[in-house]
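User: I would like to go through this model step by step, asking at each point what justifies the words used for it. Please set the values against the criteria wherever a label depends on one.

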Amino acid sequence: MDGVRPRKQPAKAADGVERKINGHADLGDRTTAFAEPTENIFLFWPNVIGYSRIVLAIASLYYMPLHPRTCSCLYSISCLLDALDGLAARQFNQSTRFGAVLDMITDRCTTSCLLVFLSSAFPRWSIVFQGLISLDFASHYMHMYATLTMGSGQSHKKIDQSRSRLLHLYYNNRTVLFVFCALNELFFIALYLLSFSSPMLSPSLLPAGDKAAGTAQPGNPSYASSLIFATPGSAWAMELARANKMNSFWPWVLAGVSSPVMLGKQILNVVQLVKASKWLAEGDIKARRAERLPKKK
């Protein structure tokens, strides 16, 4: 009939599914959006392992001035967990940018704190330790910034072989990466133990009557003079007595074995810094060329 209005039919979407539009909102896409589970990146297993590394590193710093054995144990466990978080990320498919940055920051901070202590334990070599800290931070920051900006947000471990064969081998071969990182840390741990056990490196460990002892080094962890713990039976004096009896043979062996790898790690840091700088410079050249093109009206 002409006077009868046709009943409003449900509208059909592009996919052929009918949806009601008579005053009711279309909840199809919205329901799908709400159905997606929300993941908490901060509680991924690799990141939880990263938090435990930070706790162990802080604990090792607390024991570092007076308890070399406890400090070395805690510090070593924190370093070994660096390999475990990578395994967890691959096992649970939980690789994230936050986890990669957290891992790198933890590595840089823990190593730097140990080098700061070594610079105070060996004042004559403080400029060397300061240089190592600067090189480590500059190299990794430049490298990560270059990969994020020039590599379209890719991981800092994805290095093309054409850009650097050394860095490609270092980041893509897990065995090489583990050996270099582990022995690099082992060398600095060995130096830390030698600061408590070797009179050759720490003159203040020599007997007080020895003329070669000279003036005790300020900042040396084995420097026994103290206004707080002045009595011979104090906790500090007892700990120092045990620390000074530490055999320096094994620390010397560990330092000798790991020193070539440590030097190789510093060479890699220099290569990484140079390659990242050149990569960023290439991007600057492309950007400047693009700006000189005639603007479209």
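User: How much surface does the chain expose, and what share of it do carbon and sulfur atoms supply?

Analyst: The model is a predicted one, and in it the chain exposes about 19,300 Å², of which carbon and sulfur atoms supply 64%. Buried residues make up 35% of the 297 residues in the chain.

User: Which helices and strands does the chain have, and in what pattern do they follow along the sequence?

Analyst: The secondary structure comes to nine helices and two strands, and read along the sequence the pattern is β-β-α-α-α-α-α-α-α-α-α. As for contacts with a separation of 6 or more, 68% are accounted for by residues 24 or more positions apart.

User: Why is Ser258 called buried?

Analyst: Ser258, which lies in helix H9, has a relative accessible area of 0%, and because buried means under 20%, the label applies to Ser258. Leaving out residues up to four places away in sequence, Ser258 touches Leu183, Leu186 and Phe187. Ser258 and Ala190 are 68 residues apart in sequence, while their C-alpha atoms are 9.0 Å apart in space.

User: What makes Gln266 a buried residue?

Analyst: Gln266 also has its place in helix H9, and its relative accessible area is 12%; this value is under 20%, so Gln266 counts as buried. Not counting residues up to four places away in sequence, Gln266 touches Leu132, Leu135 and Asn184.

User: Why is Asn93 called exposed?

Analyst: Exposed means over 50% relative accessible area, and Asn93 has 69%, so the word is justified. Asn93 is found in the loop between helix H3 (68-91) and helix H4 (97-121), and it has a positive phi of about 55° although it is not a glycine.

User: How do you know that Cys113 and Asn172 are partly exposed?

Analyst: The label covers values between the 20% and 50% limits, and Cys113, with a relative accessible area of 32%, therefore falls under it. Asn172, with 42%, lies between those limits too, so Asn172 is likewise partly exposed. Cys113 is found in helix H4, and its C-alpha is 9.3 Å from that of Ala57, with the two positions 56 residues apart in sequence terms. Asn172 is found in helix H6 (residues 165-172) and, leaving aside neighbours within four places in sequence, is in contact with Lys157 and Ile159. Asn172 and Lys157 are 15 residues apart in sequence and 7.0 Å apart in space, C-alpha to C-alpha.

User: What makes a group of residues a nonpolar core, and which residues touch the most other members of the largest one?

Analyst: A set is called a nonpolar core because its members are buried residues of the nonpolar kinds, such as Leu, Phe and Tyr, joined through side-chain atoms within 4.5 Å. The largest nonpolar core has 24 residues, and those touching the most other members are Leu114, Leu115, Leu118, Phe129, Phe188, Leu191 and Tyr192. Two or more residues each come from H3, H4, helix H5 (126-150), helix H7 (174-197) and helix H9 (249-291), and H7 gives the most, with nine residues. Leu115 touches Phe129, Leu132, Ile133 and Phe188, not counting residues up to four places away in sequence. There is also a second, separate core of six residues, among them Ile159, Leu167, Tyr171 and Leu268.

User: At what angle do H4 and H7 pack, and which residues make the contact?

Analyst: H4 and H7 pack at an angle of about 35°, with their axes 10 Å apart, and the crossing of H4 and H7 is left-handed. On the H4 side the contact includes Thr111, Leu114, Leu115 and Leu118, and on the H7 side it includes Glu185, Phe188, Leu191 and Tyr192. By class, the contact of H4 with H7 has 10 nonpolar, two polar and one charged residues.

User: How do H5 and H9 cross, left-handed or right-handed, and how do the residues of their contact divide by class?

Analyst: The crossing of H5 and H9 is left-handed, and their axes come within 8 Å and cross at roughly 40°. The residues of the contact divide into 12 nonpolar, 10 polar and two charged.

Methods:
Residues numbered from 1 in each chain as written. Predicted model: local features only at pLDDT ≥ 70, side-chain atom pairs only at ≥ 80, totals over all residues. Heavy atoms only, no water. Helix = DSSP H or I, 4+ residues; strand = E, 2+ residues; numbered from the N terminus. Buried < 20%, exposed > 50% of the residue type's maximum accessible area, 1.4 Å probe, protein only. Contact = heavy atoms within 4.5 Å. Areas by Shrake-Rupley, 256 points an atom, 1.4 Å probe, with all protein chains shown as cover. Axes fitted to C-alpha atoms, helices over the stretch in contact; angles between N-to-C directions. Left-handed = near helix turned anticlockwise from the far one by under 90°. Nonpolar A, V, L, I, M, F, W, Y, C, P; charged D, E, K, R; others polar.
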